[in-house]
Amino acid sequence: MSKLIERKIYTFLFSLLPISIVIGSAVSLVNIILICLGYLIFFFIEKDFSFLKNISFILLSAIFFYLILNTFFALDFQLAATRNFGFLRFILIFIIINHFFYNYKSFSFIYKIWLFVILVILFDSYIEFWFGKNTLGFGEDYGDRIVSFFQDEPVVAAFLNGFCFLLIGYLFDRYYKKNFYLKFFFYFFVIAFLMCIILTGERSNAIKGIFGLFIFFSLNNNISLKSKILTIFGILTLFSLISYNSAYVKYRFFEAFINPLVDKKIRSDYLKKNIYINLYKSGFEVFKKYPILGVGNKNYRIETSNNKNNDMYKTSTHPHQIYIEFLSEHGLLGTTILLFLFFFLMFKNLKTIINSRNSIQLGAFSYLCSVFLPLLPSGSFFSDFNITLFFMNISIMYACNPHTNIFKKKHKI
């Protein structure tokens, strides 16, 4: 197969990634499997295995090796195995995205397709906010919470976070310094994204999105100090204005979240009844019972559902907080291994990320930092939805810069 045909096929499959995630995990999984199978064939044809000695690949392999061991200590072997063995596809995605950038240098066409899809979802989310349901009639079952095309899951802000930081980096590099109108479009996109994640009512993901924007603009060496200050001040002002003018946003962020924590009269009762606090306590209770190795990946649900007589347990698919999820399902040993390896992968090239002035790389880094914010509720880290977004970002963070691409020794400058 010629390089041109190869590039067209995988450009098409990568372009479908956001749409496949919106449709559902099964479609997203099929898309990723097709990408992996195709590239495995090309790898063996080209016989380019130089990445095998790369430290990033070795670290990801160490995570995979740990997860395999975790499977054998899990309460339910089969349940843990489906998730842990499936991690292999994300190592392949990491290699494939690096290989794609190595051969073709640019994701430009793919970014444009992603940008179009994200703009459609932003528009659809605003329609739902204004009219109570989106363009397909979804949203009424969740009241004021925005679901957009996800229909039965309020995860649109998490989805936007996963793609928008990459696109903000892409738009910045491509348009920011060209002319006033293109610079205006960049800020229009940032504001549209920021407003949307606030209006969704997803407090945790909105806070993560705002935090990610702080990281992006603070570390961006292409922006003057004055512009950084004005931009950060603008983000805070916009959040304040939306909160002041929207009764729903005011309720979600202040009356139902901040005020109960600040007001001593109701704080105790709020902490006792809050569903997330109770899930955190439940997860920590599981950790106390299995402190070293945990119950096994995806096995929190097994432990809590099989021991309903424990008043501290709250039955759910996961504890809804990334660190407590790690502690309950991987124990102290597994949590230490996972956090050390993931943080090392994220931060080992920080100096290069800042000095190279690669805004796409910085955008990916900003998103990855937001994933590990403490205390805030979160989806299960190893779920298909969340880990796909995570590995898409960490893969592009490495791939888009020739100094960090895992094929860099042969990179065509």
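## Salt bridges, packed helices and a nonpolar patch

Asp-384 and Arg-89 pair up in a salt bridge, with their closest N and O atoms 2.5 Å apart. Asp-384 belongs to helix α19 (residues 384-399) and Arg-89 to helix α6 (residues 88-104), so this pair ties together parts that are 295 residues apart in sequence. How covered are the two partners? Asp-384 has 30% relative accessibility, so it counts as partly exposed. Arg-89 has 15%, which makes it buried, because the cut-off for buried is under 20% relative accessible area. Keep in mind as you look around that this is a predicted model.

**The salt bridges**

How many salt bridges are there? The count comes to four. The idea behind such pairs is simple: side chains of opposite charge can pair when their charged atoms come close. Here are three of the pairs, including the one you have just met.

| Pair | Closest N to O distance |
|---|---|
| Asp-384 and Arg-89 | 2.5 Å |
| Glu-285 and Lys-288 | 3.4 Å |
| Glu-303 and Lys-289 | 3.0 Å |

The Glu-303 and Lys-289 pair links distant parts of the chain, with Glu-303 in helix α15 (residues 300-306) and Lys-289 in helix α14, 14 residues apart. Glu-303 is buried, at a relative accessible area of 2%, while Lys-289 is partly exposed at 44%. Glu-285 and Lys-288 tell another story: they sit three residues apart in helix α14 (residues 275-289), so about one helical turn separates them.

**Two helices side by side**

Back to helix α19, the home of Asp-384. Two packed helices are described by the angle between their axes and the distance between the axes. How do α8 and α19 fit together? The axes of helix α8 (residues 156-175) and α19 come within 10 Å and cross at roughly 10°. That angle makes α8 roughly parallel to α19, because angles under 35 degrees count that way. On the α8 side, the contact is made by Ala-158, Phe-159, Gly-162, Phe-163 and Leu-166. On the α19 side, you'll find Phe-385, Leu-389, Met-392, Asn-393 and Ile-396.

**Two isoleucines in helix α11**

Now for helix α11 (residues 225-245), where Ile-242 is found. Is Ile-242 buried or exposed? Ile-242 counts as buried, at 10% relative accessibility. Setting aside residues up to four places away in sequence, Ile-242 touches Met-195, Ile-198, Leu-199 and Val-249. Leu-199 is 43 residues from Ile-242 along the chain, and their C-alpha atoms are separated by 8.1 Å.

Ile-235 is also in helix α11, and at 4% relative accessibility Ile-235 counts as buried. Which residues does Ile-235 contact? Leaving out neighbours within four places in sequence, they are Leu-194, Ile-210, Leu-213 and Phe-217. The C-alpha atoms of Ile-235 and Met-195 are 9.6 Å apart, with their positions 40 residues apart along the chain.

**A nonpolar patch on the surface**

Let's finish on the outside. A nonpolar surface patch of about 920 Å² is made by Phe-65, Leu-69, Phe-72, Phe-73, Phe-77, Phe-85, Ile-292, Leu-293 and Leu-333. Which helix gives the most to this patch? Helix α4 (residues 55-72) does, with three residues. Phe-72 is placed in helix α4. At 56% relative accessibility, Phe-72 counts as exposed, because exposed means over 50%.

Notes. Residues are numbered from 1 along each chain as its sequence is written. This is a predicted model: local features need pLDDT of at least 70, side-chain atom pairs count only at pLDDT 80 or more; totals for chains, interfaces and linings use all residues. Side-chain values use heavy atoms; hydrogens and water are left out. Patches are made of residues with over 30% relative accessible area and no salt bridge: like charges are joined within 9 Å, nonpolar side chains (Val, Leu, Ile, Met, Phe, Trp, Tyr) within 5 Å. Accessible areas come from the Shrake-Rupley method with a 1.4 Å probe; for residues, only the protein chains shown count as cover. A salt bridge is a side-chain nitrogen of Lys or Arg within 4 Å of a carboxyl oxygen of Asp or Glu. Helices (H or I, at least four residues) and strands (E, at least two) are DSSP runs, numbered from the N terminus. Buried means under 20% relative accessible area, exposed over 50%, partly exposed in between (1.4 Å probe, protein chains only). Axes are lines fitted to C-alpha atoms, for helices over the stretch in contact, and angles run from 0 to 180 degrees between N-to-C directions. Angles under 35 degrees count as roughly parallel, over 145 as roughly antiparallel, 65 to 115 as roughly perpendicular and the rest as oblique. Contact means heavy atoms within 4.5 Å.
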